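Q: Please take a single part of this structure and describe it closely. I am in my first year, so kindly explain each term as it arises.

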Amino acid sequence: MSELSPRLLQKLTPAQVEASVRLYQDDGMSLAEIGKRFGVTRQSMHKLLKRRGVKMRPQLRLGQANHFYRGGVKAVDLSQGRLEKAVLHGKIKRPKRCQKCGKIPPRMKDGRTAIQAHHPDYSKPLQVEWLCQRCHHARHRSLHGM
């Protein structure tokens, strides 16, 4: 235990460390959930468990096991490409306001608009929600229970 950072030792008692190990190994809780429970970051919890010799679960998630799965890489690329061409050729107009919050976000530093297309279904590439970055990220968090 001497190799744990002083910050972690101050934040977690030995009982909390043991509880963290049990929650991860036995209950299958995520590092973020355990960290939140004990008031430390996910990264700190990862370091703590690794240093305790806990075997970490694999992070590779393929196909539908991946929470970003929407029909595979090919479907994503095809949908984004078709939408990009439709906007470029004027078939679809990118709005200036976010469809969720109604705000007009400032342009990015490189001059691009901050309104992003969200595909609820990649099999319908031209049906999108136009969202500001904040609402777009919130939409993804809500879809994946984060």
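A: The account below concerns the main nonpolar core and the helices around it.

The model is predicted, so local features need pLDDT of at least 70 and side-chain atom pairs count only at pLDDT 80 or more, while totals for chains, interfaces and linings use all residues. Residues are numbered from 1 along each chain as its sequence is written, and side-chain values use heavy atoms, with hydrogens and water left out.

A nonpolar core is a set of buried Ala, Val, Leu, Ile, Met, Phe, Trp, Tyr and Cys residues joined through side-chain atoms within 4.5 Å; buried means under 20% relative accessible area, exposed over 50%, and partly exposed in between, with a 1.4 Å probe and protein chains only. The largest such core has 16 residues, and L12, Y24, I34, F38, M45 and L49 have the most contacts inside it. At least two of its residues come from each of α2 (14-25), α3 (31-38) and α4 (42-51). Helices (H or I, at least four residues) and strands (E, at least two) are DSSP runs, numbered from the N terminus. The largest share, five residues, is supplied by α2.

Two packed helices are described by the angle between their axes and the distance between the axes. Axes are lines fitted to C-alpha atoms, for helices over the stretch in contact, and angles run from 0 to 180 degrees between N-to-C directions. For α2 and α3 the angle is about 155°, with the axes 10 Å apart. α2 is therefore roughly antiparallel to α3, since angles under 35 degrees count as roughly parallel, over 145 as roughly antiparallel, 65 to 115 as roughly perpendicular and the rest as oblique. In this contact (heavy atoms within 4.5 Å), α2 contributes Q16, A19, S20, L23 and Y24, and α3 contributes L31, I34, R37 and F38.

Between α3 and α4 the angle is about 100° and the axes lie 8 Å apart. These two helices are therefore roughly perpendicular. Here L31, A32, I34, G35 and F38 of α3 meet R42, M45, H46 and L49 of α4.

Y24 deserves a separate word. Apart from neighbours within four places in sequence, Y24 is in contact with M29, L31, I34, L49, V54, K55, M56 and R57. A second, separate core has 10 residues, including I92, I115, W130 and L131.
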